[in-house]
Amino acid sequence: MTVTAFHRRPEPDEIARVTSTAAELLEVLWGRASTAPASASQLRLLHILEHNDGVNMRTLAESLASTPPATSRLFDRLQAAGFVERRHSPEDRREVRLGLSGRGRAFLADLRGRREAELRAVLELMPAGKRTALAEGLEAFCAAAAAQIHDEQAHGSGSKSA
């Protein structure tokens with residue numbers, strides 16, 4: 001896996017290739033940082049709950065692009081580990097709300113800290129100017145990705161736009 005063939009062209013195809021390689025390398029770095037007792041699917045569920053506290057099982061399943069029974073089993077495993085919890089809605093006791101437990105929040109904070117330490121070690125090897133350019137590029141990428149996701153959610157579309 002190498003990015004040395006990058007030709008400094010801003011065409012989306014070339015940047016997509018380099019970004020994909022960077023994402024794969026991030027997975028390797030994050031894997032080294034992880035002592036997580038959680039699978040990738042479980043981590044996705046934890047991240048969704050972190051940003052959408054109090055959702056119901058149907059909404060969680062939709063966010064995971066999964067079925068409610070599969071999501072419920074995934075949630076049950078995380079609940080047994082003490083990372084998530086079910087709460088009754090104050091408005092309707094029949095409604096069950098899902099959220100992270102204190103242990104789940106602490107787990108994610110610790111995982112992020114270890115991942116950031118792995119990234120920091122790599123970033124320290126880069127010249128300061130390249131780190132600045134990377135930060136600017138990542139900020140622009142995050143803004144564009146967030147806008148696209150928001151637009152797709154607002155229009156009820158899961159399709160990719162060019």
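## A walk from the core outwards

The largest nonpolar core has 20 residues, and those with the most contacts inside it are Leu45, Leu46, Leu49, Leu60, Phe75, Val84 and Phe107. Helices H2, H3, H4 and H5, together with strand E2 (96-100), each give two or more residues to this core. The largest share, five residues, comes from H2. Keep in mind as you look around that this is a predicted model.

Let's step back for a moment to the whole protein. Its secondary structure comes to six helices and two strands. Read from the N terminus on, these elements follow the order α-α-α-α-β-β-α-α. Of the 162 residues in the protein, 22% are buried. Contacts also reach along the chain: among those between residues at least 6 apart in sequence, 46% join residues at least 24 apart.

Now back to H2, which gives the core its largest share. How far apart are the end C-alpha atoms of H2? They are 17 Å apart, which agrees with the 16 Å that its twelve residues should span at 1.5 Å a residue. Within H2, the buried residues are Gln42, Leu43, Leu45, Leu46, Ile48 and Leu49. Try following their numbers along the helix. An α-helix has 3.6 residues a turn, so residues three or four places apart point the same way. What covers the buried residues of H2 includes H3, H4, strand E1 (84-88), E2 and H5.

One residue of H2 deserves a separate look. Glu50 is found in this helix, and it counts as partly exposed because its relative accessible area is 23%, while buried would mean under 20%. Leaving out residues up to four places away in sequence, Glu50 touches Leu100, Arg105, Leu108 and Arg112. Which distance in space separates Glu50 from Gly104? From C-alpha to C-alpha it is 8.9 Å, although the two are 54 residues apart in sequence.

H2 also takes part in a pocket. The second largest pocket has a volume of about 760 Å³. Its lining is made of 15 residues, and the closest to its centre are Leu43, Arg44, His47, Ile48 and His51. Helix H2 (40-51), helix H5 (102-123) and helix H6 (128-154) are the elements that give two or more residues to the lining. Which of them gives the largest share? That is H2, with six residues. By type, the lining residues divide into six nonpolar, five polar and four charged.

H6, one of the helices at this pocket, has 27 residues. From its first C-alpha to its last it reaches 39 Å, close to the 39 Å expected at 1.5 Å a residue. After H6 comes Gly156, whose phi is positive, near 65°.

Next, turn to helix H4, another contributor to the core. Thr71 is found in H4. Is Thr71 buried or exposed? Thr71 counts as buried because its relative accessibility is 1%. Its contacts, not counting residues up to four places away in sequence, are with Leu45, Met57, Leu60, Ala61, Leu64 and Ser66. Two of these names, Leu45 and Leu60, may be familiar, since both are among the residues with the most contacts inside the core.

Pro69 also has its place in H4. With a relative accessible area of 47%, Pro69 is partly exposed. Pro69 and Met57 are twelve residues apart in sequence, and their C-alpha atoms are 9.2 Å apart in space. Met57 is also one of the residues that Thr71 touches.

Our last stop is the loop between helix H3 (57-64) and helix H4 (68-80), where Ala65 is found. Ala65 counts as exposed because its relative accessibility is 72%, and exposed means over 50%. What is the sign of phi at Ala65? Ala65 has a positive phi of about 55°, although it is not a glycine. Most residues other than glycine have a negative phi.

To look back over the tour, H2 gives the largest share of the core and also the largest share of the lining of the second largest pocket. In H4, Thr71 is buried, whereas Pro69 is partly exposed. In the loop between H3 and H4, Ala65 is exposed.

Definitions and conventions: Residues are numbered from 1 along each chain as its sequence is written. This is a predicted model: local features need pLDDT of at least 70, side-chain atom pairs count only at pLDDT 80 or more; totals for chains, interfaces and linings use all residues. Side-chain values use heavy atoms; hydrogens and water are left out. Helices (H or I, at least four residues) and strands (E, at least two) are DSSP runs, numbered from the N terminus. Buried means under 20% relative accessible area, exposed over 50%, partly exposed in between (1.4 Å probe, protein chains only). On a 1 Å grid over the protein atoms alone, a cavity is a set of points where a 1.4 Å probe fits but cannot get out, and a pocket is an open set with protein on both sides within 12 Å along at least five of seven lines; lining residues have an atom within 4 Å of a point. Grid points are joined across faces, edges and corners, and a volume is the space filled by probe spheres set on the points. Ala, Val, Leu, Ile, Met, Phe, Trp, Tyr, Cys and Pro count as nonpolar, Asp, Glu, Lys and Arg as charged, and the others, Gly among them, as polar. Contact means heavy atoms within 4.5 Å. A nonpolar core is a set of buried Ala, Val, Leu, Ile, Met, Phe, Trp, Tyr and Cys residues joined through side-chain atoms within 4.5 Å. The expected span of a helix is 1.5 Å times one less than its number of residues.
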